[in-house]
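The following note sets out points for a colleague who is reading the structure at the bench. The points may be taken in order.

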Amino acid sequence: MVKGITLDPDSSVVEEHFAVVYAPRKSRNRFSEGAVELAESRDAALAQAQPEQHRYAARVVGPSRSSEGLRLYYLVEWLQ
């Protein structure tokens with residue numbers, strides 16, 4: 001379970017991914033679909049990251065539908 005999101009091993013709806021996340025402040029723990037670019041691997045996410053433009057490599061879980069109907073990704077960890 002990650003921040004209230006339970007991963008179902010028999011489903012591919014909500015999964016863990018490597019990604020590059022646009023985050024002006026790294027204090028947030030959930031991001032809209034438009035701020036997340038999925039990556040093939042940890043190394044790919046790290047290579048695509050551009051910290052000077054607030055684009056950071058991360059491990060995320062999602063997408064999950066919010067109560068407002070948005071598709072969100074939840075932060076598992078920032079990659080370094």
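Which residues form one aromatic cluster? The cluster consists of Phe-31, Tyr-56 and Trp-78; the points below begin with the confidence of the model and then return to these rings.

1. Status of the model. This is a predicted model. The mean pLDDT of the protein is 88, and 84% of its residues reach 70 or more. Residues 7–11 should be read with that in mind: pLDDT stays under 50 there, and the model has 3 contacts for this stretch beyond four places in sequence.

2. Overall arrangement. The protein has 5 strands and 1 helix, and the order of its elements from the N terminus is β-β-β-α-β-β. Of the 80 residues in the protein, 36% are buried. Among contacts between residues at least 6 apart in sequence, 58% join residues at least 24 apart.

3. Strand pairing. Strand β1 takes part in two pairings described here. With β4, β1 runs antiparallel, and 8 bridges join the two; within this part of the fold, His-17 stands opposite Val-60 in β4. With strand β3 (residues 36–39), β1 pairs in the antiparallel sense over 4 bridges, and Val-20 stands opposite Glu-37 in β3.

4. The aromatic pairs. A pair of aromatic rings is described by the distance of the centres and the angle of the planes. The structure holds 2 aromatic pairs. In one of them, Phe-31 and Trp-78 meet edge-to-face, at 5.9 Å centre to centre and with 70° between the planes. Because Phe-31 lies in strand β2 (residues 30–32) and Trp-78 in strand β5 (residues 71–78), this pair ties together parts that are 47 residues apart in sequence. The rings of Tyr-56 and Trp-78 have centres 5.8 Å apart and planes at 70°, so this pair is edge-to-face. Tyr-56 lies in strand β4 (residues 55–65) and Trp-78 in strand β5, so the pair ties together parts that are 22 residues apart in sequence.

5. Burial of the three rings. Are the rings of the cluster buried or exposed? Phe-31 counts as buried because its relative accessibility is 3%, under the 20% cut-off. Trp-78, at 17%, counts as buried, and Tyr-56 is buried with a relative accessible area of 16%. A charged residue is also placed at Tyr-56: Lys-26 lies over the face of the ring, at 4.6 Å from the ring centre.

6. The nonpolar cores. In soluble globular proteins, nonpolar side chains tend to be buried together. Here the largest nonpolar core has 12 residues, including Phe-31, Tyr-56 and Trp-78, together with others such as Ala-19, Val-21, Val-60, Tyr-73 and Leu-75. The elements that give two or more residues to this core are β1 (15–22), β4 and β5. Apart from this core lies another, of 6 residues, among them Val-20, Ala-39, Ala-44 and Ala-45.

7. Contacts of Tyr-73. Tyr-73 belongs to the largest core. Leaving aside neighbours within four places in sequence, the contacts of Tyr-73 include His-17, Phe-31, Val-36, Leu-38 and Val-60. Gly-62 and Pro-63 are also among the contacts of Tyr-73, and these two residues return in point 9.

8. Surroundings of Ala-57. Ala-57 is found in strand β4 and is buried, with a relative accessible area of 4%. Leaving aside neighbours within four places in sequence, Ala-57 is in contact with Ala-19, Val-20, Ala-45, Leu-46, Ala-49, Trp-78 and Leu-79. Ala-57 and Leu-38 are 19 residues apart in sequence and 9.7 Å apart in space, C-alpha to C-alpha.

9. Backbone points to check. Most residues other than glycine have a negative phi, and most peptide bonds are trans. Two places in this model merit attention on that account. A cis peptide bond joins Gly-62 and Pro-63, with omega about -5°; Pro-63 is found in strand β4. Phi of His-54 is near 65°, a positive value in a residue other than glycine. His-54 is found in the loop between α1 (42–48) and β4, and at 32% relative accessibility His-54 counts as partly exposed.

Technical notes
Residues are numbered from 1 along each chain as its sequence is written. Side-chain values use heavy atoms; hydrogens and water are left out. pLDDT is the predictor's confidence in each residue, from 0 to 100. Contact means heavy atoms within 4.5 Å. Rings of Phe, Tyr and Trp (its six-membered ring) pair if their centres lie within 6.5 Å; planes under 30 degrees apart count as stacked, over 60 as edge-to-face and the rest as tilted. Buried means under 20% relative accessible area, exposed over 50%, partly exposed in between (1.4 Å probe, protein chains only). A charge sits over a ring if NZ of Lys or CZ of Arg is within 6 Å of the ring centre and within 35 degrees of the ring normal. A nonpolar core is a set of buried Ala, Val, Leu, Ile, Met, Phe, Trp, Tyr and Cys residues joined through side-chain atoms within 4.5 Å. Two strands pair if DSSP finds at least two bridges between them.
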